[in-house]
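Subject: Structure handover

Hello,

Here is the structure you were waiting for. My notes on it follow below.

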Amino acid sequence: MASKTADTTISSENGSSAPRARPVVNTVTVEDIRLSLKDGVADFLARPVMSGFFGLFYAVFGILFVWCLVWLGKTWMIIPAVIGFPLVAPFACAGLYDMSRRRQRQKDFGWADILMVMAQQRKREMGWMAFVTLFIFWVWMYQFRTVLVIVLQDASFSDLDGFFATVFFTPEGWTFLAIGTCIGAFLSVVLFSVTVVAMPMLLDREIDFVTAMLTSIRSVTENPRVMLIWAVLILVTMLVSLIPAFLALIITLPILGHTTWHLYQRAVSWDEP
């Protein structure tokens, strides 16, 4: 059964409050994921160059990020950076959400239309969601360094190979992996829960980011099995895409972004006043 969030209002010109549409959390199934994925692939194939541009931008950013860590001599940070890199993907998909929205409404669009919508997001609530996303990514990087210092304080490694040897072939390294995995899993669940429908919702509607996050959390808590499947699918796809020097993201990121839009459309409806 669908559930409704609390009423939200907006102020009219004369100072009175006018009711705003309320987000309604719907029940979704695995079939909804399949249909959303089918629609996402169709969106990608309809505009492969434009969609691929966003994937390419994300991939190039990842490559430059890793290169900077190597240049700075922070090779031990490559592991948490690569693993945590998918955490910021939802924010990178804003343009993809708008493309899917326009295709769904059968509206023609060009590069200027999509880039203009993305530029306008800095004046809307999505900027706050970007802050939340980057903050959790920063917490992920910081906790990795903290656990590293506490657990592997007596270990010594001067390069990435030495780091791998310490982490995977020593008792201290196994402890480090266990703790880091638990913390990382918790942060991933938190970020997924607050963004899975919040990001496309903020692009779609004039709504505050707190309401968007709460609606996103409710969509997860009321559809835990389906959302877990979707989260695992995203995680596995993103991590596998990082293996060939991030380049598979040119295809997989756009498809996941378009699919997320369509899953949001199925997970959330609006109770118009």
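A residue is called exposed here when its relative accessible area is over 50%, buried when it is under 20%, and partly exposed in between. Q106 has a relative accessible area of 75%, so this residue counts as exposed. Please keep in mind that the model is predicted.

Overall chain

The chain contains 13 helices and five strands. Along the principal axes, its C-alpha atoms fill a box of roughly 65 × 40 × 40 Å. The radius of gyration is 20 Å, and a compact globule with 273 residues would come out near 19 Å, so the two agree. Of the 273 residues, 44% count as buried. The exposed surface of the chain is about 14200 Å², and carbon and sulfur atoms supply 68% of that area. If you take the contacts between residues at least 6 apart in sequence, 73% of them join residues at least 24 apart.

The nonpolar core

The largest nonpolar core has 70 residues, and the members that touch the most others are Y58, F176, M201 and L249. Helix α7, residues 126–151, gives the most to this core, with 10 residues.

Two of these residues can be described further. F176 touches F144, V147, L148, V151, L152, F163 and V167, leaving out residues up to four places away in sequence. L249 sits in helix α13. Its relative accessibility is 0%, so L249 counts as buried. With neighbours within four places in sequence set aside, L249 is in contact with G55, Y58, A59, F85, M238, S241, L242 and P254. One of these, Y58, is also on the list of residues that touch the most other core members. The C-alpha atoms of L249 and V60 are separated by 9.6 Å, although the two residues are 189 apart along the chain.

Helix α5 and what follows

Helix α5 covers residues 94–104 and is mostly covered, with nine of its 11 residues buried. Those nine are A94, G95, L96, Y97, D98, M99, S100, R101 and R102.

D98 belongs to this helix. Its relative accessible area is 0%, so D98 is buried. The side chains of D98 and R102 are joined by a polar contact of 2.9 Å. Leaving aside neighbours within four places in sequence, D98 is also in contact with D113, I114, V117 and L203.

Q106 comes just after α5, in the loop between α5 and α6, the latter being residues 111–120. This residue takes a positive phi of about 60° although it is not a glycine. As noted at the start, Q106 is exposed, with a relative accessible area of 75%.

Two threonines

Which of T260 and T170 is buried, and which is partly exposed? T260 has 11% relative accessibility, so it counts as buried. T170 has 22%, so it counts as partly exposed.

T260 lies in helix α13, which spans residues 249–267. The side chain of T260 reaches the backbone oxygen of L256 at 2.8 Å. Outside the residues up to four places away in sequence, T260 touches Y97, V196, P200 and W230. Y97 is among the buried residues of α5.

T170 is found in the loop between α8 (160–169) and α9 (171–195). A polar atom of the T170 side chain lies 3.0 Å from the backbone nitrogen of G173. The C-alpha atoms of T170 and M50 are separated by 47 Å, and these residues are 120 apart along the chain.

Cysteines

How many disulfides does the model contain? With two cysteine sulfur atoms required to lie within 2.5 Å of each other, the count comes to zero. As for individual cysteines, C68 has a relative accessible area of 32%, so this residue is partly exposed. C93 has 4% relative accessibility, so C93 counts as buried.

Regards

Conventions
Residues are numbered from 1 along each chain as its sequence is written. This is a predicted model: local features need pLDDT of at least 70, side-chain atom pairs count only at pLDDT 80 or more; totals for chains, interfaces and linings use all residues. Side-chain values use heavy atoms; hydrogens and water are left out. A nonpolar core is a set of buried Ala, Val, Leu, Ile, Met, Phe, Trp, Tyr and Cys residues joined through side-chain atoms within 4.5 Å. Buried means under 20% relative accessible area, exposed over 50%, partly exposed in between (1.4 Å probe, protein chains only). Helices (H or I, at least four residues) and strands (E, at least two) are DSSP runs, numbered from the N terminus. Contact means heavy atoms within 4.5 Å. A polar contact is a pair of N or O atoms within 3.5 Å; within protein, one must be able to donate a hydrogen and the other to accept it, and residues adjacent in sequence count only if both atoms are side-chain atoms. The radius of gyration is taken over C-alpha atoms; the globule rule is 2.2 Å times the number of residues to the power 0.38. Accessible areas come from the Shrake-Rupley method with a 1.4 Å probe; for residues, only the protein chains shown count as cover.
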